[in-house]
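Trainee: Could you give me a close look at the salt bridges in this model? I'd also like to know what else to look at once we've been through them.

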Amino acid sequence: MLAKLFDIQSIQEAKGIVRDVALETPLQLNERLSEQYGAKVYFKREDLQPIRSFKLRGAYHKIYKLSAEERKRGIVCASAGNHAQGVALACNKLRIKGTIFMPVPTPKQKLGQVRMFGGSNVEIRLTGDTFDDAYAAAQSFKDKTNSMFVHPFEDKDVVIGQATLALELIEQAEEPIDYILVPIGGGGLISGVLHVFKTLSPQTKVIGIEPEGAPAMQQSLVNGKNTELNEIDPFVDGAAVRKVGDDAFTLCTTFLDKLVLVSEGKICQSILKLYNKEAIVVEPAGAMSTASLKMINEEIKGKNVVCLICGGNNDITRMAEIKERALLEANLLHYFIVRFPQRAGALKEFVAEVLGPKDDITFFEYSKKNNRSNGPAVVGIELKNPYDFDILVKRMKSKGFYGDYINNKPDLFQFLI
């Protein structure tokens, strides 16, 4: 079945093509995680590509393979991130007119990157509030103009381009690879990796990683058919899709050794550790593989493990949210409704007699109600030790400040993070 999609020779040819724009990214042993998990943990650093993502491989290969007549028709795609940058660079390199549809709320940093890589050969059209809106507009544009649509993952030539990463990795490895941890979004990357490894290194266990908030592949495997999710958490924007590609689903059904779901909070913890310990900047999808190591720590002991660091386009404006999600995951950040007596000195009493010596207020919102004896405030408290939580709640209740705990109430909590 794999051979019906493409063969190794086609990937070898693609490797020569993508060399025009893509780097041979390093395979690096990570001493910290190797010691922590009792294994040899390697990073495949696709965050070091010119667009800081593996997406360049597939986009360039697809566009390069177009005929002269197809190139004249121009390129159109929809994307809010890395795929757009790959398409833009390819259009600029090959001197092809490209039109890229992106949602209106796309961060300025990403818009600037697409403009920089695309130059005068690319036009950006901001449309709608979501990727789905941009995708629909791109499809309409394609139908009206007869442009060539470049899909981010549901395309044979795109997948072949992504597969060059896996071929390159096998050639770089000095020892047999026991495990490879692969982020799953739409499925283009996992499709390429499965084809290469199950053909050339069948003993390697391929582990797919999805965010808990967007488990499209996991749900599809459970249902036995490719399933579209009704809702997703868009935080891991490089891997948050409602539905994976049909080919990717078929390949994973047959060849994927394991699928692991990792929480957005653990992903955020991994982002911060990679930055603080190794000075590596990764986007949420790029931290999924390292974040998942805890989930399989027993079976990888003594093994050679490769984590695909698939992208490094992290907007600095997201760091406050990333830190907050990491603290929540560690049970160090807690939100309460606190009932303050409406008298002078109440806040001072709360700080002096309720908070512990190392507790810190990170959020405070209060409105005085003159006709009430108590005024509610939403208070965020950061602890140094998760075991201090029960002590804090006990003191709040004994002093009459406790109103409610918000972390476990998603309808209220969603307004805070």
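Mentor: I'll take the salt bridges one by one, then move on to backbone angles, open and closed spaces, and a piece of the surface.

Keep in mind that this is a predicted model, in which local features need pLDDT of at least 70, side-chain atom pairs count only at pLDDT 80 or more, and totals for chains, interfaces and linings use all residues. Residues are numbered from 1 along each chain as its sequence is written, and side-chain values use heavy atoms, with hydrogens and water left out.

The structure holds 22 salt bridges (a side-chain nitrogen of Lys or Arg within 4 Å of a carboxyl oxygen of Asp or Glu). Let's begin with Arg57 and Glu168, whose closest N and O atoms are 3.1 Å apart. This pair reaches across distant parts of the chain: Arg57 belongs to helix α4 (residues 55-64) and Glu168 to helix α9 (residues 156-172), with their positions 111 residues apart. Helices here are DSSP runs of H or I with at least four residues, strands are E runs of at least two, and both are numbered from the N terminus. Arg57 and Glu168 are both buried (under 20% relative accessible area; exposed is over 50%, partly exposed in between, with a 1.4 Å probe and protein chains only). The pair isn't on its own, either: Lys44, Glu46, Arg57 and Glu168 are linked in a network of salt bridges.

Now go to Arg325, which has a salt bridge to Asp233 with closest N and O atoms 3.6 Å apart. Arg325 sits in helix α15 (residues 319-329) and Asp233 in the loop between α11 (216-223) and α12 (246-255), so this contact ties together parts that are 92 residues apart in sequence. Arg325 is buried at 14% relative accessible area, while Asp233 is partly exposed at 24%. Arg325 also forms a salt bridge with Glu321, where the closest N and O atoms are 3.1 Å apart. That one stays inside helix α15: Arg325 and Glu321 are four residues apart, about one turn of the helix. Glu321 has 27% relative accessibility, so it counts as partly exposed.

Next, the backbone. Arg95 isn't a glycine, yet its phi is positive, about 55 degrees. You'll find Arg95 in the loop between α6 (82-94) and β4 (98-102), and at 61% relative accessibility it counts as exposed. Asn146, not a glycine either, has a positive phi of about 65 degrees. Asn146 is in the loop between α8 (131-145) and β6 (148-149), and it is partly exposed, with a relative accessible area of 44%.

Helices α6 and α8 come up again in the largest pocket, where α6, α8 and α10 (188-200) each supply at least two lining residues. That pocket holds about 1500 Å³ of space. Its lining has 49 residues, and the closest to its centre are Ala80, Phe131, Asp237, Ala240 and Val241. By class, the lining splits into 22 nonpolar, 14 polar and 13 charged residues (nonpolar: Ala, Val, Leu, Ile, Met, Phe, Trp, Tyr, Cys, Pro; charged: Asp, Glu, Lys, Arg; polar: the others, Gly among them).

On the closed side, there is one cavity of 30 Å³ or more, with a volume of about 150 Å³. On a 1 Å grid over the protein atoms alone, a cavity is a set of points where a 1.4 Å probe fits but cannot get out, a pocket is an open set with protein on both sides within 12 Å along at least five of seven lines, and lining residues have an atom within 4 Å of a point. Points join across faces, edges and corners, and volume is the space filled by probe spheres set on them. Among the residues lining the largest cavity are Arg32, Tyr37, Lys266, Lys273 and Thr290. Helices α3 (31-37), α13 (264-278) and α14 (288-291) each give two or more residues to that lining, which has three nonpolar, four polar and four charged residues.

Back at the surface, Leu347, Val351, Phe364 and Tyr366 make a nonpolar patch of about 330 Å² (residues with over 30% relative accessible area and no salt bridge, nonpolar side chains joined within 5 Å, like charges within 9 Å; areas by Shrake-Rupley with a 1.4 Å probe, only the protein chains shown counting as cover for residues). Both α16 (346-353) and β12 (360-366) give two or more residues to the patch. Phe364 is found in strand β12 and, at 37% relative accessibility, counts as partly exposed.
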